[in-house]
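Thanks for coming. I will go through the sheet, then the helices that lie on it. Please have the model open in front of you.

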Amino acid sequence: MRLWLHVPGSPAPQGSKSFKGFRNGRGILVESSAAVGPWRERIALAAHNAMSGRTLLNGPIGLELAFVLPRPKSAPKRTTPPAVKRPDLDKLARAVLDALTNVVFSDDSQVTSLMCSKRLADIDEPPGLTITLEAA
């Protein structure tokens, strides 16, 4: 099975968690990026729609993630430089894997192949993410 989906929006990394104290005897951990929750929800919704009622995948999964990051205002107007600054590619991928868990597959340990890329958006190109999934 092959699945392709596009998620518009500004990709958000899943960073570290911060300790914010205790409540009811339990430690409270908070995501370091406020944008990652809504970004994961957008990915999960797009994946849910792409699955069109299919059951969760069980076997090995190959993923290709192509991130298009928002173009900074400081970027040259005629060329697009490489995306060598934050966010880190591994943290962007981590957010996607968590968003797809229990929507496309039951555990992200099923991902046996992961190819990721990030680039800045070309002039007038919207940011987003393209996911290509190959399941056995």
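Two strands are said to pair if DSSP finds at least two bridges between them. With that in mind, take Gly62, which stands opposite Ser113 in strand 5. Keep in mind too that this is a predicted model.

Strand 4, residues 61-69, runs parallel to strand 5, and 9 bridges join them. Strand 1, residues 2-8, is paired in the antiparallel sense with strand 6, residues 128-135, over 7 bridges. One point on that pairing is Val7, whose bridge partner in strand 6 is Leu129.

Now the whole sheet. In what order do the 4 strands come? The order is 1-6-4-5, in an open sheet with mixed pairing. Strand 1 and strand 5, residues 111-120, are the edges; each has a single partner strand, so one side of each has no neighbour in the sheet. On average, neighbouring strands here are turned by 10° against each other, direction ignored.

Back to strand 1 for its two faces. Leu3, Leu5 and Val7 are on the covered face, while Arg2, Trp4, His6 and Pro8 are on the uncovered one.

Next, one residue in strand 6, namely Thr132. Is Thr132 buried or exposed? Its relative accessible area is 13%, and buried means under 20%, so Thr132 counts as buried. Setting aside neighbours within four places in sequence, Thr132 is in contact with Arg2, Leu3, Trp4, Gly62, Leu63 and Glu64. Gly62, then, is in contact with Thr132 and stands opposite Ser113.

On to the helices. Helix 1 lies across strand 1 and strand 6, and runs at about 145° to strand 1. Helix 2 lies across strand 4, strand 5 and strand 6, at about 125° to strand 4.

How do the two helices pack against each other? Helix 1, residues 36-51, and helix 2, residues 89-100, have axes 8 Å apart and an angle of about 50° between them. That angle makes helix 1 oblique to helix 2. The crossing of helix 1 past helix 2 is right-handed.

Which residues meet there? From helix 1 they are Val36, Trp39, Arg40, Ile43, Ala44 and Ala47; from helix 2, Ala95, Val96, Asp98, Ala99 and Leu100. Sorted by class, this contact has 9 nonpolar residues, 2 charged and no polar.

That is the end of my part.

Key: Residues numbered from 1 in each chain as written. Predicted model: local features only at pLDDT ≥ 70, side-chain atom pairs only at ≥ 80, totals over all residues. Heavy atoms only, no water. Buried < 20%, exposed > 50% of the residue type's maximum accessible area, 1.4 Å probe, protein only. Contact = heavy atoms within 4.5 Å. Axes fitted to C-alpha atoms, helices over the stretch in contact; angles between N-to-C directions. Parallel < 35°, antiparallel > 145°, perpendicular 65-115°, else oblique. Left-handed = near helix turned anticlockwise from the far one by under 90°. Nonpolar A, V, L, I, M, F, W, Y, C, P; charged D, E, K, R; others polar.
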